[in-house]
Amino acid sequence: MTRIRRGYIARRRRTKIRLFASTFRGAHSRLTRTTFQQKMRALVSAHRDRGRQKRNFRRLWITRINAGIRENDLYNSYNRSIHDMYKRKRLINRKMLAQIAVLSMNSFYGIYSNSN
């Protein structure tokens, strides 16, 4: 009986998975089944952590704004200050407010002292 050469599609698929997992350690980068499981786990973690990263940055910005507000005795709380800004239609997003609070305290003070 003659020898039949197998196709290249399965090998191509495994190579693609192996390239994805090339930075993993040990069997996670060498064995096909383990590599595939680790790839799925990595993609799940990446998907989950994209949402978590947004949440963490928002918490950081709120903490920085609150610290700037309390440092200058502008308000008692972050909550009250944001509420007053919305009432006066001074809509600056939290990311920009946090940057201003870190880099330029005079500007930050000006934004909030005018809104009182």
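A residue counts as buried when its relative accessible area is under 20%, as exposed when over 50%, and as partly exposed in between. Keep that handy for the exercises below, and remember that this is a predicted model.

**Exercise 1.** Work out what share of the 116 residues in the protein chain is buried, and how the chain is spread in space.

*Solution.* Start with the secondary structure: the chain has 5 helices and 0 strands. Its radius of gyration is 26 Å, while the globule rule gives 13 Å for 116 residues, so the chain is more spread out than a compact globule. Next, take the C-alpha trace, which spans about 90 × 30 × 20 Å along its principal axes. Finally, apply the under 20% cut-off: buried residues come to 19% of the 116.

**Exercise 2.** Find where lysine 89 lies, then decide: is lysine 89 buried or exposed?

*Solution.* First, place the residue: lysine 89 is in the loop between α3 (78-87) and α4 (94-103). Then check the backbone: phi of lysine 89 is near 60°, a positive value in a residue that isn't glycine. Last, the surface: lysine 89 has a relative accessible area of 69%, so it is exposed, given the cut-off of over 50%.

**Exercise 3.** Say which helix holds arginine 14, and which residues gather with Arg14 in a patch of positive charge.

*Solution.* Arginine 14 belongs to helix α1, residues 9-20. Its relative accessible area is 36%, so arginine 14 is partly exposed. Patch members need over 30% relative accessible area and no salt bridge. On the surface, Arg14 gathers with Arg6, Arg13 and Arg18 in a patch of positive charge.

Note on methods: Residues numbered from 1 in each chain as written. Predicted model: local features only at pLDDT ≥ 70, side-chain atom pairs only at ≥ 80, totals over all residues. Heavy atoms only, no water. Patch = residues over 30% accessible without salt bridge, like charges linked within 9 Å, V, L, I, M, F, W, Y side chains within 5 Å. Areas by Shrake-Rupley, 256 points an atom, 1.4 Å probe, with all protein chains shown as cover. Salt bridge = Lys/Arg side-chain N within 4 Å of Asp/Glu carboxyl O. Lys, Arg positive; Asp, Glu negative; His and termini not counted. Charge placed at Lys NZ, Arg CZ, Asp CG, Glu CD. Helix = DSSP H or I, 4+ residues; strand = E, 2+ residues; numbered from the N terminus. Buried < 20%, exposed > 50% of the residue type's maximum accessible area, 1.4 Å probe, protein only. Rg over C-alpha atoms; globule rule 2.2 N^0.38 Å.
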